[in-house]
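User: I would like to go through this model in questions and answers, beginning with burial and salt bridges. Could you set out the cut-off for burial before we start?

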Amino acid sequence: MPDIYSFSQKGCTTDKNAWARSGKRGQRAFELAEMNLPIVPGFVLDSRLTPKLEGMDMKALLKEGVDQIEAEVGRKYGDASNPLLLKIVCSSNLALPIYPTVFNVGLSPTTIQGFINFLGEKAAWFEYCYLVRTAGVKIFDIPDSKFSEIEKKHPPTPEGMKACAMEMVELVGKDKIPDDPMQQLETLMKHAAKRYFDPDLDEDDNVALMVQGIVFGNMGEDSSVGMVFTRDTVSGENKLQGSFLPNSYTMDKNGTPIADLSPTYLDELKKIAKSVEARFREIREIKFIVEKKKLWLINQTVVDSKSTQAHIRTLLDLMKAKEVEEQWVVGQIPPGQLASLLQSIVDQASVASFASATGGMTGSPGAAVGRVYFSADRVMEAHRDALLKGEDTRCILCVVSSFAEDVKAIEVGQGVISVEGGYSSHAPVVARSLGKVSILNQDLKVGEGYLEMNGVRINEGEYVTLDCPVYKKPTIYAGKAKLINPDIHSNGLTEFIELMHKFIPKDFVVRANADLGRDAKVARVMGAFGIGLCRTEHMFFQDDRIHKFREMVLAKNSDERIKALNDLRPMQRGDFYDLFKEMAPHPVTIRLLDAPLHEFLPRNDDAFKDYCEHLRKKGINPNEKELRERIEGLHEFNPMLGHRGCRVAITYPEIYQTQVRGIFEAACQLSKEGVKIVPEIMIPIVMNPNELTFIKNGKKIEGKVITGIRDTAREVFKEMGVELEYKVGTMIELPAAALISDELARYAEFFSYGTNDLTQTTFGLSRDDVNSFFPAYTEFDILPNNPFQVLAPPVKELVKTSATRGKLTRPDLKLGLCGEHGADPANIQFCREAGLHYVSCSPYSVPIALLAVAQMHLKEAAAAAK
């Protein structure tokens, strides 16, 4: 087999082993030649031949290659009147910047007159200087500073450039830059091979030499130089993106938009771009030159800077054109990249002069701009005022830590900054569920009406910008940035979700954590197969409900509590109705009230005054001293392990009874309307089977009758004349529950693993306080990952143990994982292997989880096929 391989628009070698020995630059030329596109012709001496060049007579070999280039380009190498010039490219498969290109080979005192005819005398001698200087530095290792010293000695005139060239030749050595063009080519190739061939490298990784003709974009008004991307690298719109410079040698400045290129060449480039995309199955960059009305391709390269949106739209277009298969498309996008399709991004040019603070943790990714306020009430006031005045309504809440009364401000605002807490604490969880931006940064100083970062003070009402990408630390900017906003219907996401659905197995799906009908609507658009967690406590955070709920919590007796609950039940019933209807026919898992009751109570004077005013409007004149004492009496020192979840239902059974009645009333109403649903009622923070049976089946003891879920179902079914299927299950959040899962499965029809709390109780870590010391754990490699983001081995072991023991008792036990752990592809693989049937995460994380599941399923199918 020959070791020299020519390429041109007519074709090239089909020997893929030869391609491998030709380096990346050689391969890219072969790829265009194989497609019969107008690549500037050339030839490659492969890496098998380069170590043999030093003692070889190359004249015949080079003549063969050069003759073919001459025939295609229409100029003669070494001709004094119309000289062909060449470039020598050192081409390797290694991605190293050390491999050079030497231009203008063939230019010498014997041929320069012809080049002077093209460019003029000064420019021609300048190009000869460029040849000598590049060869001297890149091939002969002469310091560039020596050439700079020579250049400074000579004026920029034709005579000065000629004298400069002659002195540079003397520096390199006339024997190394011969005047004879063919001898010059041979000499430079031999020295390049000697300089860059590495005997310790494998043959395929070693250097090959590519020689390619040079064409010129500065041969008059019918010539130009340019570059194009096969489509828009940001939006993915199927139109050429790029620029060109008419009558120019290089793209050394901003060019004219490619759309202004002559239609003759533009149409040809469009056809080439379509072929290139189909061949490489991605966006590519193409460099071209038009020389005297002839379009030539110089090179094509991978585009690393393309957006996820552009990449997905390219893949979808290729799929529609039947250039690629559906399953191949699904496998091309790393799941985490989908987050960028859901988030605004900061236009970096707009924040170049802003003071900033980088660090902390992203609680919920994206970008947001707004005026900063330091309490929920101030956010609400500022938002209302801006609406009335027709001003910018965008606000950012900034607090030391967030609580129930802050939800309304997070919902109305664009994002939230908090100092305390971690990934699974209140502000990030709420922000993720609402699609808002969240930053946690313990280095910030929040005072009365101001935020201080890196010595810069931002006062209330001033603009801040939150920049929270998924791939680096978040940044807060002092100022109003320009944002680039996403559109999931035009950026390809909704279409990609439809495609992913084709590869989701029936026995392992993705659900969403959603608390209200609007959340469920988002979840459906994002591709969720149901709701894996509805946190009913989140239904009470709205202004028209929080005070009624506080009445229930602060009730002095059962009658007052039931009265307050009856006021709340129609609201809950409406919420459940919306959730079920929006998500039908997919399942909806509703977790009964879980949060500690004191979380809903007023935490500051303003909130307390608001509550008292609410009571007065109802005709109740509160005893403020007594009311404060009751609030203080409900305080707990360790509320996450205190009076919460099923423990509240055992103390106050009427709370769960009211919620359950609302669930069944909503479900029965929908059943009457012909909507088929199967409610799944989940009992939280269970630690033994007696809690489960008490709440599910009720209790009769010492004259007391506690109505259970089963009893309430019978009552509602009888009242409404409807019977429907439902399930009762529990959340596994405690190691005790995981270890007795065989006993719990006697009464629970499904388990949902609440891995946020299970991580807390397994490690004895507070998710709200872990950030205060976890950086030291990371620094000293005490724990490899934040266990609230990456499922830790002890938690995985508990989940596996629970799943195994539960299924021994109830083989058809349905198993799921809810929490943001469910959005992490690494955790999803574990869930599948542990025998779970679904993961559930925030609506905006559902596409990420879906893609991870689809890719996992395709790998399983491929492995099974083998």
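Analyst: A residue is called buried when its relative accessible area is under 20%, exposed when that area is over 50%, and partly exposed in between. The model discussed here is predicted.

User: Is Glu186 buried or exposed?

Analyst: Glu186 forms a salt bridge with Lys190, with 3.1 Å between the closest N and O atoms. Both residues belong to helix 8 (residues 181–196), where they stand four residues apart, about one turn of the helix. The relative accessible area of Glu186 is 8%, and because the cut-off for burial is under 20%, Glu186 counts as buried.

User: How many residues apart in sequence are the parts that Arg545 and Asp575 tie together?

Analyst: The side chains of Arg545 and Asp575 form a salt bridge, with an N to O distance of 2.3 Å. Arg545 is in helix 17 (residues 543–553) and Asp575 in helix 18 (residues 558–583), so this pair ties together parts of the chain whose separation in sequence is 30 residues.

User: Is Glu725 buried or partly exposed?

Analyst: Glu725 is joined to Lys727 by a salt bridge, in which the closest N and O atoms are 3.8 Å apart. The relative accessible area of Glu725 is 46%, and because partly exposed covers the range between under 20% and over 50%, Glu725 is partly exposed.

User: How many salt bridges does the count come to?

Analyst: The rule behind the count requires a side-chain nitrogen of Lys or Arg within 4 Å of a carboxyl oxygen of Asp or Glu. Some of the residues are linked in a network of salt bridges, namely Glu537, Arg591, Asp594, Arg644, Glu733 and Asp757. By this rule, the count of salt bridges comes to 53.

User: What is the relative accessible area of Met682?

Analyst: Met682 sits in strand 29 (residues 679–683). Leaving aside residues up to four places away in sequence, Met682 touches several residues, among them Leu533, Ile590, Leu592, Met731 and Phe750, and Arg591 of the salt-bridge network is also one of the residues touched by Met682. Met682 is buried, and its relative accessible area is 0%.

User: By what distance are the C-alpha atoms of Met682 and Ser148 separated?

Analyst: Along the chain, Met682 and Ser148 are 534 residues apart. In space, the separation between their C-alpha atoms is 77 Å.

User: How far apart are the end C-alpha atoms of helix 12?

Analyst: Helix 12 (residues 376–389) has 14 residues, and at 1.5 Å a residue it should span 20 Å. The expected span is 1.5 Å times one less than the number of residues. The separation of the end C-alpha atoms agrees with the expected value, because it is 20 Å.

User: Which residue just after helix 12 takes a positive phi?

Analyst: Within helix 12, the buried residues include Ala376, Val379, Met380, His383 and Ala386. The buried residues of this helix pack against strand 16 (366–373), strand 17 (395–399), helix 13 (407–412), helix 17 and helix 19 (605–617). Just after the helix, a positive phi of about 70 degrees is taken by Gly390.

User: Is Lys293 exposed or buried?

Analyst: Lys293 lies in the loop between strand 11 (284–291) and strand 12 (294–302), and its phi is positive, about 70 degrees, although it is not a glycine. The relative accessible area of Lys293 is 61%, and because exposed means over 50%, Lys293 is exposed.

User: What is omega for the cis peptide bond of Ala584 and Pro585?

Analyst: Pro585 is placed in the loop between helix 18 and strand 28 (588–591). The peptide bond joining Ala584 and Pro585 is cis, with an omega of about 5 degrees.

User: Which element of the chain has the lowest mean pLDDT?

Analyst: The chain averages a pLDDT of 91, and 99% of the residues score at least 70. Among the elements, the highest mean, 98, belongs to helix 26 (residues 741–744), whereas the lowest, 70, belongs to helix 28 (residues 774–779).

User: What is the area of the nonpolar surface patch made by Phe773, Tyr777, Phe780 and Ile782?

Analyst: Phe773 is located in the loop between helix 27 (755–763) and helix 28, and it is partly exposed, with a relative accessible area of 32%. Together with Tyr777, Phe780 and Ile782, Phe773 makes a nonpolar surface patch of about 390 Å².

Key. Residues are numbered from 1 along each chain as its sequence is written. This is a predicted model: local features need pLDDT of at least 70, side-chain atom pairs count only at pLDDT 80 or more; totals for chains, interfaces and linings use all residues. Side-chain values use heavy atoms; hydrogens and water are left out. Helices (H or I, at least four residues) and strands (E, at least two) are DSSP runs, numbered from the N terminus. Buried means under 20% relative accessible area, exposed over 50%, partly exposed in between (1.4 Å probe, protein chains only). Contact means heavy atoms within 4.5 Å. pLDDT is the predictor's confidence in each residue, from 0 to 100. Patches are made of residues with over 30% relative accessible area and no salt bridge: like charges are joined within 9 Å, nonpolar side chains (Val, Leu, Ile, Met, Phe, Trp, Tyr) within 5 Å. Accessible areas come from the Shrake-Rupley method with a 1.4 Å probe; for residues, only the protein chains shown count as cover.
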